[in-house]
Amino acid sequence: LVLALPLDMQFQVSLQALRALRITWVRGKDTIRKKLADDISKGKSVIVVDKFHEAQRVVAIVALRIVLEDGRILAQLGRLDDGVLQANCTLPGVKQQPGE
């Protein structure tokens with residue numbers, strides 16, 4: 001639901017969540033902090049507080065279910081991470097961009 005808000009409101013929700021939790025950044029993690037701040041400011045993700053009072057990063061994901069006439073379904077069977085094949089059967093998908 002929060003991802004349906006205008007970008008400026010999403011930013012305010014994230015800011016209030018971080019303030020409520022009094023998030024402090026760990027030294028040496030500047031690249032992670034900068035990426036998170038960049039994602040929030042561009043509307044790629046939102047930070048919310050869950051019912052356990054923990055911060056959650058929320059992103060919109062779009063999954064495609066492509067079925068051929070003969071009933072076969074397109075699926076990703078795995079991925080290669082640093083030269084190691086990781087089995088994971090999923091539908092193809094991407095992160096939804098702001099405004100989509």
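Asp81 is partly exposed in this predicted model, with a relative accessible area of 32%. The side chain of Asp81 meets that of Arg79 in a salt bridge, at 3.4 Å from N to O. Arg79 also counts as partly exposed, because its relative accessibility comes to 47%. Asp81 and Arg79 thus sit in the same accessibility class, as both values fall between the 20% and 50% cut-offs.

The stretch around this pair is a hairpin. Strand β4 covers residues 76-81, and five bridges join β4 to β5, which takes in residues 84-90. The two strands run antiparallel. At one point in this pairing, Gln76 has Thr90 in β5 as its bridge partner. Two residues lie between the strands of the hairpin, and Asp82 takes a positive phi there, near 50 degrees.

Moving back along the chain, the loop between β3 (61-63) and β4 is home to Leu64. At 44% relative accessibility, Leu64 counts as partly exposed. Leu64 also belongs to a nonpolar surface patch of about 410 Å², which it makes together with Val62, Ile66, Leu74 and Val94.

As for charged pairs, the salt bridges come to four in total. Among them is the one between Arg57 and Asp39, whose closest N and O atoms are 3.2 Å apart. This pair ties together distant parts of the chain: Arg57 belongs to strand β2 (residues 55-58) and Asp39 to helix α2 (residues 30-41), with 18 residues of separation. The two partners don't share a setting. Arg57 is partly exposed, at a relative accessible area of 43%, whereas Asp39 has just 3% and is buried, because that value is under 20%. Another salt bridge brings together the side chains of Asp70 and Arg72, at 2.8 Å from N to O. Here both Asp70 and Arg72 are exposed.

Which residues does Gln10 touch, leaving aside those up to four places away in sequence? The list runs to Val2, Leu3, Ala4, Leu5, Gly43 and Val46. Gln10 itself lies in helix α1, which spans residues 7-21. With a relative accessibility of 4%, Gln10 counts as buried, so it falls in the class under 20%.

Stepping back to the whole protein chain, there are two helices and six strands. Read along the sequence, these elements follow the pattern α-α-β-β-β-β-β-β. How does the chain's radius of gyration stand against that of a compact globule of 100 residues? The chain has 18 Å, while the globule would have a value near 13 Å. Along the principal axes, the C-alpha atoms fill a box of roughly 55 × 35 × 25 Å.

Burial and contacts fill in the rest of the picture. Of the 100 residues in the protein chain, 12% are buried; Gln10 and Asp39 both carry that label. The chain exposes about 8,100 Å², and carbon and sulfur atoms supply 57% of this area. Among contacts with a separation of 6 or more, 48% are accounted for by residues 24 or more positions apart.

Terms used
Residues are numbered from 1 along each chain as its sequence is written. This is a predicted model: local features need pLDDT of at least 70, side-chain atom pairs count only at pLDDT 80 or more; totals for chains, interfaces and linings use all residues. Side-chain values use heavy atoms; hydrogens and water are left out. Helices (H or I, at least four residues) and strands (E, at least two) are DSSP runs, numbered from the N terminus. Buried means under 20% relative accessible area, exposed over 50%, partly exposed in between (1.4 Å probe, protein chains only). Contact means heavy atoms within 4.5 Å. Patches are made of residues with over 30% relative accessible area and no salt bridge: like charges are joined within 9 Å, nonpolar side chains (Val, Leu, Ile, Met, Phe, Trp, Tyr) within 5 Å. Accessible areas come from the Shrake-Rupley method with a 1.4 Å probe; for residues, only the protein chains shown count as cover. Two strands pair if DSSP finds at least two bridges between them. The radius of gyration is taken over C-alpha atoms; the globule rule is 2.2 Å times the number of residues to the power 0.38.
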